Amino acid sequence: MGAAFRSFCARYCCCCCCSDEAEEEEKRPILGNETLEYFNREAQKRRDQETNLWSEPGDPSHSERDDDRQLHNLLQMRSQTRTGSTGYRRLSVDIEAMRDLRREVRDKWKMILENLGFMAEAEALLTVSAGDNLDRMRNAPLSRKLLKTLHSETSIFDSREPPPERYLFILDRLIYLDAADDFVAKARRFYPPKDDSDEEEGSLASNLPLLLAKFNQAMAAGDDGSEQDEGSEQE
C-alpha cells in the first residue's frame, strides 16, 4: 500500500511525497570515507612532492642523495619540534631555503619550455611523481647524456653537485616530443656556464641592496646632523 501510494504521488502529484527519500539518496556520497581518505592522502603526497621537489622522487626514504637526505632530516626534526618555538622557526628558514633553491631550478626549466612554445604544457612536463620509474623511460641513455651536458655546459643547475635525477624524466619526454636538442640549445643561450668572476659579481649583486640600504641610512643621518647644525647656528 505504501509503495503504491508513493508511486501514485510520483506520477500524478506536483509535490512528490517521496522527495525526502530521494534527497537522502542524493546526499549519500558515491565514495566511502575510506576511499575519500585514500585520495586525500595521495593528493597530499603529490602536493608534498611538488613542494619539496625531491631530486630522486623514486626514493621513498629520501636517503640516496645528500641533498634529499638533508631536507628529509630537516622536515623530520621540525615535525618533532614545538610549533612557534625558536627551533621551529630556524628549521623552517632552512627548509624554505632549500625549497627556494629547487624552485629556482624548476623555474629556469619552465622559462625555457615556455620559450620553446610549451606555454600550456610546461607544468605537466615538469611534474614528476614518486611513481615514475627509470625503467619505463623510452630514451634513458640519451636523457642521461643530455642531463650531463646541461650540468657541465650551462648554469641551469647552478651547482657543482650531481644534477637531480628528476630531470631525466623531463628530458625523456622532450626527446619523445623531438624538442630535447632545442631545449639544450636554449639552455646554453640563456644560462651559459659561470666562471669565478661571474660568481664574485653574483655575490656583489646579492649584497648590493644591503649596501645601498646602509648608504641611504648614512646619508639620512648626515642630513639630520647638518640640519641640526644649521638650526643651532640660527639660534
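**Figure 1. Overview of the chain, with ten helices and zero strands.** This is a predicted model, in which local features need pLDDT of at least 70 and side-chain atom pairs count only at pLDDT 80 or more, while totals for chains, interfaces and linings use all residues. Residues are numbered from 1 along each chain as its sequence is written, and side-chain values use heavy atoms, with hydrogens and water left out. Helices (H or I, at least four residues) and strands (E, at least two) are DSSP runs numbered from the N terminus. Following the sequence, you will read the pattern α-α-α-α-α-α-α-α-α-α. The chain has 235 residues, and 28% of them count as buried; buried means under 20% relative accessible area, exposed over 50%, and partly exposed in between (1.4 Å probe, protein chains only). Among contacts (heavy atoms within 4.5 Å) with a separation of 6 or more, 64% come from residues 24 or more positions apart. The accessible surface is about 16400 Å², with 51% of it belonging to carbon and sulfur atoms; these areas come from the Shrake-Rupley method with a 1.4 Å probe, and for residues only the protein chains shown count as cover.

**Figure 2. Close-up of the largest nonpolar core, a set of 28 residues.** A nonpolar core is a set of buried Ala, Val, Leu, Ile, Met, Phe, Trp, Tyr and Cys residues joined through side-chain atoms within 4.5 Å. The members with the most contacts inside this core are Trp109, Leu113, Leu150, Ile156, Phe157, Leu174 and Phe183. Two or more residues each are given by helix 5, helix 6, helix 7 (140-153), helix 8 (166-176) and helix 9 (180-190). Helix 8 gives the most, with seven residues. Leucine 150 makes a good place to start looking: setting aside its neighbours within four places in sequence, leucine 150 touches Trp109, Ile156, Phe157, Leu171, Phe183, Val184 and Ala187. Another core lies apart from this one and has seven residues, including Trp54, Leu71, Ile95 and Met98.

**Figure 3. Close-up of aspartate 59, a buried residue that has no salt bridge.** A salt bridge is a side-chain nitrogen of Lys or Arg within 4 Å of a carboxyl oxygen of Asp or Glu. Aspartate 59 sits in the loop between helix 3 (33-52) and helix 4 (66-79). The nearest side chain of opposite charge is that of arginine 69, 7.4 Å away; Lys and Arg count as positive and Asp and Glu as negative, while His and the chain ends are not counted. What, then, does the side chain of aspartate 59 make a polar contact with? One partner is the side chain of serine 61, at 2.7 Å, and the aspartate 59 side chain also reaches the backbone nitrogen of glutamate 64 at 3.0 Å. A polar contact is a pair of N or O atoms within 3.5 Å; within protein, one must be able to donate a hydrogen and the other to accept it, and residues adjacent in sequence count only if both atoms are side-chain atoms.

**Figure 4. Close-up of salt bridges, of which the structure holds 14.** Arginine 65 pairs with aspartate 67, their closest N and O atoms being 3.0 Å apart. Arginine 65 is buried, at 10% relative accessible area, and aspartate 67 is buried too, at 13%. Within helix 5 (residues 86-115), aspartate 100 and arginine 103 lie three residues apart, about one turn of the helix, and form a salt bridge with closest N and O atoms 2.5 Å apart. Both count as partly exposed: aspartate 100 at 34% relative accessibility and arginine 103 at 30%.

**Figure 5. Close-up of the salt bridge between glutamate 123 and arginine 106.** Their side chains meet at 2.9 Å, N to O. The pair links distant parts of the chain, with glutamate 123 in helix 6 (residues 122-126) and arginine 106 in helix 5, 17 residues apart. Glutamate 123 is partly exposed, at 37% relative accessibility, whereas arginine 106 is buried, at 11%. Through shared partners, salt bridges join Glu50, Arg106, Lys110, Glu123 and Arg166 into one network.

**Figure 6. Close-up of leucine 53, a residue with positive phi although not a glycine.** Its phi is about 50 degrees. Leucine 53 is in the loop between helix 3 and helix 4, and is buried at 4% relative accessibility.
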